[in-house]
Each structure stands twice: as structure tokens, then as C-alpha cells.
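Thanks for asking me to look this over. My notes are below, as short numbered points to read alongside the structure.

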Amino acid sequence: MRTKQTAIGAALAALAVLCAMFATTASAAPAWKFEGKALEGTEVILGGALDSALTVPGLTTKCENFLYKLTIKNEAGTGKGEVTEVPLYNCTTNSSACTVKSIKSEALPWASKLTTVSTTNYIVIEGVKVPILYDGEECVLGGVLVTVTGSAGGAIDNTAETATFNASTLTATGTSLKALGQKIEWNGLFPTEAFQWHREQALSVS
Amino acid sequence: MQSNRTRAVATALLAVALAALGLAGSAQAKLVGNYTKFVQCPYPNLEVKKCIYSVTESGEVILGKKTVPIEKQVILQGGFGAAIEEKEGAEFAKFYAATNGITLSKAPQNVPGGLLGIVPDASSPFLVKALIKFFLENSLTGVNSTLELAKPASDIRVSENNLAGEIGTAMQMPVMVHLENPFLGKKCFVGSATNPITWKLGTGTTAPPAPNKAITGSAGEIEFLEEGRILVAKNSKLVDNAWSAPKAAGCGGILSFLVDPIINSQLGTTSAGYNTAILKGTLNVASAAAVRKNNTENP
């Protein structure tokens, strides 16, 4: 009889531990916060990349105006969102032979979510699709449509209120962008500033 | 008078000789550095937009029941124009032959099993058996398989977008397989100009009929040279396993009526789903305008 009670007690204790573990996991998922308070409803982040470049070995493409519109929300305590607009203008290459005839973002909205890897918070953007048409008589890619696809994870800096995308952040989040059949480098620094209801409020992820 | 005439004739001959030398000089390309690979590209033709120099270093061709590994380099060179032909949802460019006429190099590949592998002694008629015995006794048993273009190079089609995007057909080539051995004669082919094997090589994933299964190619590791004027794709893999091949024909000379059926029986079914081409190597592509410029800058 005593043995039976002990077994039930142990089972309940195990269940309690499991519940606690799940609760911890859920609360550990990063959320969007303004002035330290979790975002309720949605907010729009609008901005332009401070610096962004796509590189296939030997050819880098940069856009002077890399704007973006990101709608964010918290769902069950986890930060999520959608990149709804990414207008790209004045794009050039580091090659004297190649120009960018056209570039656009397709398959929008791109889903995004927040995640934590080894104490660092990241925003992961999925379903990225950016076709780039290069031009230039001497450019080997002249007339070729190169489509960048995949997902990208960027590290969030709560102090600077920026998201940084580079080879390390993509590796850390297990994401990759591909073009011409291979992984390409994407370096970008994006400010994370609210534009709608929480203007000029400190945005953080935790 | 005689002296003046002789001098005039000599001068004229000298002028002709110099002109000939001059022409020869202008025909001789003066490409340097990374551009030297494209020496056989018909870049003086302004319709040519890109030059190509593709080296297949390994891979295999499976024809029915026979697998021939690619052990000797095969070079495809020439140029291609603007993509103007719409086909299968992609735009294709016309190919231009290499200036030396060797668009596809003839690299004889060893057929494993040799002569007995394709004309087995046991199942052959007496006459064939006797001939094979002669060839065996004289160590003439090696069989080579050489890939050749079945049609002019202008029948090759290239889709750069499919190549870059790893989808669909990147290069369509009409080819034939030349089986070579003294016993087989000089006209033993699988495929012909009128009935070629059409390879639709791609860098993506194939969708072949059964029993073949999907295989995946690769654009390889891409690097740009000369500030984006040259593209080098190392370890590229072009694949097609949905092609069909006609029966072997012309094998064994006057005995082809006896030998062809034996070879075809050894090859087995060569309809779509039973054949595979996997070409691994390095693909070099350059802008023809950049090659032209390199030529003029280096007289």
C-alpha cells in the first residue's frame, strides 16, 4: 500500500517537473517588447538597411535603398511577424562590368519569428525570394536572372536596436540564402524601430 | 624594262604575302590570362554573347545495361547567343561552333568488359564467333565509346537561367555514341544525325520515367573572375536520365545484320528511363564582349 502511494507520488512529481520544464521553455521564447513590456496587438517596423550586401564569391551586389516593412506581434509569448514590403532601389555591383537591371522582392509576405540560440536572440526571416537581373555587355551574368532564395537569421542587439545579418548569424540559426545553386553571403545591418503605436519607444527582444 | 617588271611583280608578290600574313595574324587570337581558355570561341561574331569552355572530367553514361565511366576529359567549347527561343517555359540560346571545328572533343572512353562485354562469344553465330576468336587472339578486344555531336553545333541549345536556377534543361545536345573496335568497324553508332540521342542536361533534379529515379545535378562552386566578366563553376554536375536512345547500327561492317542484334541485346532496353548521363567537371563562361576586348587589348 505504501509502495503504491510512493509510486503515485513519484509519477506526480515527474509530471510536475515536466510541466515546469514546458512552462520554462514557453516563457524562454523571446518576445517583442516596448519599454520592457510585451507587445500586445501588432506594430509596424519600417526602416532602411544601414548597410547590406549580397555576395557570391567575386561579385557583390549592394542596394543604396534597402527598405523594409515588418509587421510584428507576439503569439503565445513568442515574437512573430511578417515582412510585407521590401522595395530595393539603386542597386549596384562591385564589378565594372555588371550593373543591376532589375531587382525585386517576391513571394511576400515573408514570415518571421524570434528565436534564442545560446543566449543570443535572433529574428529568422523565411521564404525570402529576390530575383536579380544583371546587365552589361561585358558582364558574364548579363541577361541572366539570378534568384536569391531561402531563409536568414539575424542577431538582435537590444542596446543598438538593430538586427545584424551575416555568415555567423545565418550559421547560428541554421538558415541560408542560395543563389546560383550555392550558399551566398548576406551582410546587413537593420535598425528595429517602431513606426506605428510605439514610436520612439525602446524596442527590445527577450 | 625587264628589271622594272620583275621588281613590280616582286613587290606585288611581297604585298600579297604581307597581306596574307596580316590576315593570318588577325585570325590568330591574342587572348591572355583567364581569357586564354576561350581561344576557340567564335567571339568575332557579334551574335555570340557568351563564350563557353566546359571540361567534363568524370561521370558516367549508362546506356541500357552498359555503364561507361568517363575517365578521359571531354571538352565542349564554342559560344552562344542571346536567349531568344522559348521552349518548355524557358528561353534558350543558339550555340555557335568552336572556331577550330572541335566543338565537342572526341575522347574515347573505355567500355568495361571490352568486346566480349558487348558481343559475347557464347551467344554469337558461328561467323561472328570465329571473327571474335581472331580478335581475341590478336589482343584487339578493347572497345571504346566516344561521344560525338550528331548534328551541327548550331543545334545545341543553352538556357543560362535554367543553369543558374538549377531547374529544367540547361543544355540540350544532339549526340551519338561511337563504339570503336576493329571488329565493330568504323560505323558502329548508337544514334545518328537523323535519329540522335537528345540530352537535356540540367543542374536541377530530374523527373525521369521509371525505372530510373530522380537524380540531382549541381551548378557547382561558382566564382567570378575579371570583375564579373568570367564565371567559373567547379564541380558542376550536369545530369539527364530521361533520354531515350535508338538501337545500335552499323556494327561489324558487312556483318552488321548479325552483330547489331547481338549488341542491342547486350545493351538491353534503351528507351527513356533506362539511360543516364552524369557529366561532372568545370564550366567556364565568359562574356564574348570581354573576350573581344581582351583580344584587341593584347595585339
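1. Which residues of H6(B) are buried? Bear in mind that this is a predicted model. The buried ones are Ala288(B), Ala289(B), Ala290(B), Val291(B), Arg292(B), Asn294(B) and Asn295(B). Because 7 of the 10 residues of this helix (residues 288–297) are buried, the rest of the structure largely encloses it.

2. It is worth looking at what surrounds that helix. The cover over the buried residues of H6(B) includes strand E1 (50–63) and strand E14 (276–287) of chain B. At the N-terminal end of H6(B), Ser287(B) acts as a cap, with a side-chain oxygen 3.3 Å from the backbone nitrogen of Ala289(B).

3. Now to the salt bridges, of which the whole structure has 10 over all chains. One of them pairs Lys69(A) with Glu85(A), at 3.7 Å from N to O. Lys69(A) sits in strand E5 (residues 59–75) and Glu85(A) in strand E6 (residues 78–85) of chain A, so the pair ties together parts 16 residues apart in sequence. Lys69(A) is partly exposed at 27% relative accessibility, and Glu85(A) is partly exposed at 40%.

4. Do look at Lys73(A), Glu75(A) and Lys80(A) together, since salt bridges link them in a network. Within it, the closest N and O atoms of Lys80(A) and Glu75(A) are 3.6 Å apart.

5. Finally, a bridge between chains: Glu138(A) and Arg229(B) form a salt bridge, with closest N and O atoms 2.7 Å apart. Both residues lie in loops between strands, Glu138(A) in chain A and Arg229(B) in chain B, so the pair joins two chains. Glu138(A) is buried at 18% relative accessible area, and Arg229(B) is buried at 13%.

Key: Residues are numbered from 1 along each chain as its sequence is written. Chains are lettered from A and ligands numbered from 1 in the order in which they are written. This is a predicted model: local features need pLDDT of at least 70, side-chain atom pairs count only at pLDDT 80 or more; totals for chains, interfaces and linings use all residues. Side-chain values use heavy atoms; hydrogens and water are left out. Buried means under 20% relative accessible area, exposed over 50%, partly exposed in between (1.4 Å probe, protein chains only). Helices (H or I, at least four residues) and strands (E, at least two) are DSSP runs, numbered from the N terminus. Contact means heavy atoms within 4.5 Å. A polar contact is a pair of N or O atoms within 3.5 Å; within protein, one must be able to donate a hydrogen and the other to accept it, and residues adjacent in sequence count only if both atoms are side-chain atoms. A salt bridge is a side-chain nitrogen of Lys or Arg within 4 Å of a carboxyl oxygen of Asp or Glu.
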